[in-house]
Amino acid sequence: MATVYALFVGIDDYPAGRWPPLSGCLNDIEAGRRWLEERLGSPPRVRTLTDREATVSAVTAAVSGHLGQAGPGDTALLWFSGHGTEYAALSPWERRVEATGRCQALVCADGPLPDKELGALLDAVAARGAHVAAVLDCCYSGGATRDPDGEPDAVARYAPPLPEWTRLPAPVPAHPAARDSAGPDAAPRHVLLAGSRLDQLAYERDFGGRRHGVFTRALLGALRAAPPGATYRQVLAGANARVQRDERRQHPVLAPAEPGGPADGPVLGGLVRPPAPHLLRYGTDGWEVDCGGAHGLREGADTARATAFTVTGGAPTPGTGTAPGTVPRPGTGGGPVVRARQVQALRTLVAPDGWHPDPTRAYPVAPSSLALPPLAVRLEGSDAALVAAALATAGPDGGPSPLLHAGDAARPDGLRRVVAGGGVARVLRRDGTPVVAALPLTGPADARRVARCLVHLARWHQLHALDNPASPLAGLVRVEVSPWTPGRSAPALTPDAAGDLVLHYRGRPGAWHRPEVVIRLHNHGPRPLWAVLVDLTDSHAAHTGLYEGHFIGAHGTAHVFDGDPVELSLPPTRAERPGAEVRDWFKLVVAEGEINTAPFHLPAWDPYADTRDAPTAPAADGELHLTGTGGPGGTGGPGGTGVTRDTGPSRRTAPGQWWATTVSVRTVVPGPAGRDGGRGV
């Protein structure tokens, strides 16, 4: 029978004269333990460390010894409430893996426990087959223990570093196995729920006469309000909205955040399921959806009403999202609808249309109408009506997809022709070349497959076309791709006459050597900026496996795979023969604050995949062809987006700028011209 092992660490009574005392941490872990016992059908195996007994050695021993008892099917939970700190990254390895130039640590009763050491301990537990989760309610950045601009009773959980901490030995980097950059390593990882971003303070306050961490109180409220089977992503969205209502300066973090990973598994373990592309939540300015201009929506209030989202997974029932006696206004397919009031850079303010969502919950939603140019489709041939009927129900609510429209495109690259007849459907570009292999068309089921293909291509094309050239952030972050040479650096590659970076296989048939490169993101701006690197492939896939979305410090550099080489190769479905090639488009998206990256994930087009069960992130065995020899470290584990990566402007409550640019890459096997590697657009 599965067992839950829990370790609760709370420190209020820090040594006098070294760090200021706190008064809500023991309350936090007591409340967390009470929630856990209420949640489970059988009692958990709990160990608690408080105040002076919570030393570095005691905490590390308890993680390895107590949580380490968890085996396959079990769950291990770490909950820490106390001070956090940061100090300058000194060693070359630390500077390479920390894009902000700072290292972070939990502050135990006698000193710091670096986050990378904690991450390694938790990953060792996960490697035994257990589901591992960590809740950290503490600061990860500089500042005073009491913020003069904050609430009178808001105390920050921050401990200034002591001089001797600058002499801490740097963690020894591991050498993880090669991984497919399309997604995370197959190795187990833990999921992290952190109280604040890396450069932010995490506060504790008085709530009804009892002190708690703002994050702990919000998280427990979201956990209790969440429906059965709620995922970590859904719960943290609800907790984040609650935190913002109490403390706008603090932004909780979920890691690793990529879709289809641990974040999309049920709290305390269970089967990971595909996430909804967007979440509806109640924030400081009312109801909002976590997407905006940076995802391709048209910004502003004048066109906002043309944008709407439909709740997926069925309509709420009275008592769980709709006030008794009211009936949700249905969309075409019956789902409750919210309509945009204003599209901003990173979010969309919305208003429920005829129903009353529960403000303590987060709802999965999908766009049902959009104020942006859809992909134009022209239907031709004797069976065009069959495809037209399928397109009429291809949307998320059973109506037409907002991503498509019949007729010529305003943009010359946007038109798709569908020639349907003779038992097949051919999807063509404007110039008549095929976009994908011809699809069978013998009845309604085949027509629905054609419609799914067109929706898939429209989503891919929307990502490929994402741009904002007039942004003040334009050019502040640049992508540099250089050949990898052991022991020395090489100059960055420059585009050819067609604007592509071209990388060649070396060797000869039967003994090819795939090209290896290092990829860096340089922030030339005067303040931290958030960036994600989206790989769009000519198999019409998209993923963020190269750089999953982190802040890069002012004038700082982020290294893809922590500086380890990235191997580029043809996908398994293409033979490595002379003339063969494959194309990638690296889409760099830069913003002032974090962006929901779920919409940036799209599996390779597979005409025979069951889309009801298909993952939203590329599968490891799909037509995805970038492999790296390493992965990001930190408390998020290999390939994760641990709290060591999440930093940003702590005072901005509604970041409003974003920018995108594209680097085109061709990977070529030398020899006579072969197949078209796939133009993709």
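**Figure 1. A cavity lined by nonpolar residues.** In this predicted model, the second largest cavity has a lining of twelve nonpolar residues, with no polar and no charged ones. Its volume is about 90 Å³. Rolling a probe the size of a water molecule over the atoms shows where empty space is left. Here, the structure as a whole holds four cavities of 30 Å³ or more. To find your way around the second largest cavity, look for the lining residues Trp-35, Leu-77, Trp-79, Ala-133, Val-135 and Leu-193, together with Leu-219, Leu-223, Tyr-232, Val-235, Val-267 and Leu-268. Two strands, β3 (75-81) and β7 (131-137), and two helices, α5 (214-225) and α6 (232-246), each supply at least two residues of this lining.

**Figure 2. Strand β1 and its enclosed setting.** Are the residues of strand β1 (residues 4-10) buried or exposed? Seven of the seven are buried, so the strand is largely enclosed by the rest of the structure. In a regular strand the side chains alternate between the two faces of the sheet. For β1 both faces are covered. Val-4, Ala-6, Phe-8 and Gly-10 are buried on one side, while Tyr-5, Leu-7 and Val-9 are buried on the other.

**Figure 3. The strands that pair with β1.** Which residue in β3 stands opposite Leu-7? Look for Leu-78. The two strands, β1 and β3, pair in the parallel sense over seven bridges. Strand β2 (residues 45-50) also pairs with β1 in the parallel sense, over six bridges. Within β2, Arg-45 is the bridge partner of Tyr-5. Follow the chain from β1 through helix α1 (residues 25-39) to β2 and you trace a right-handed β-α-β unit.

**Figure 4. A salt bridge between two loops, Arg-52 to Asp-13.** A search of the whole structure finds 21 salt bridges, and this view shows the one between Arg-52 and Asp-13, whose closest N and O atoms are 3.6 Å apart. Arg-52 lies in the loop between β2 and α2 (56-65) and Asp-13 in the loop between β1 and α1, so the pair ties together parts that are 39 residues apart in sequence. Arg-52 is partly exposed, at a relative accessible area of 45%. Asp-13 is partly exposed too, at 36%.

**Figure 5. A salt bridge farther along the chain, Arg-514 to Glu-576.** The closest N and O atoms of the salt bridge between Arg-514 and Glu-576 are 2.9 Å apart. This pair links distant parts of the chain, 62 residues apart: Arg-514 sits in the loop between β28 (511-513) and β29 (516-523), and Glu-576 in the loop between β33 (566-568) and β34 (581-591). Arg-514 is partly exposed, with a relative accessible area of 34%. Glu-576 is also partly exposed, with a value of 29%.

**Figure 6. A buried salt bridge, and a network.** Glu-581 and Arg-666 form a salt bridge, and their closest N and O atoms are 2.8 Å apart. Glu-581 lies in strand β34 and Arg-666 in strand β36 (residues 658-668), so the pair ties together parts that are 85 residues apart in sequence. Are these two residues buried or exposed? Both Glu-581 and Arg-666 are buried. Elsewhere, Arg-281, Asp-285, Glu-288 and Arg-347 are joined into one network by salt bridges that share partners.

**Figure 7. Backbone features in two loops.** Most residues other than glycine have a negative phi, and most peptide bonds are trans. Three places in this view are worth a look for that reason. The peptide bond from Ala-255 to Pro-256 is cis, with omega near -10 degrees, and Pro-256 belongs to the loop between β13 (253-255) and β14 (278-283). Leu-268 is also in the loop between β13 and β14, and its phi is near 75 degrees, a positive value in a residue other than glycine. Leu-268 counts as buried, at 12% relative accessibility, and you may recognise Leu-268 from the lining of the second largest cavity. Asp-51, in the loop between β2 and α2, has a positive phi near 45 degrees. Asp-51 is buried, with a relative accessible area of 18%.

How values were computed: Residues are numbered from 1 along each chain as its sequence is written. This is a predicted model: local features need pLDDT of at least 70, side-chain atom pairs count only at pLDDT 80 or more; totals for chains, interfaces and linings use all residues. Side-chain values use heavy atoms; hydrogens and water are left out. On a 1 Å grid over the protein atoms alone, a cavity is a set of points where a 1.4 Å probe fits but cannot get out, and a pocket is an open set with protein on both sides within 12 Å along at least five of seven lines; lining residues have an atom within 4 Å of a point. Grid points are joined across faces, edges and corners, and a volume is the space filled by probe spheres set on the points. Helices (H or I, at least four residues) and strands (E, at least two) are DSSP runs, numbered from the N terminus. Ala, Val, Leu, Ile, Met, Phe, Trp, Tyr, Cys and Pro count as nonpolar, Asp, Glu, Lys and Arg as charged, and the others, Gly among them, as polar. Buried means under 20% relative accessible area, exposed over 50%, partly exposed in between (1.4 Å probe, protein chains only). Two strands pair if DSSP finds at least two bridges between them. A crossover is right-handed if, with the strands pointing away from the viewer, the path from the first strand over the helix to the second runs clockwise. A salt bridge is a side-chain nitrogen of Lys or Arg within 4 Å of a carboxyl oxygen of Asp or Glu.
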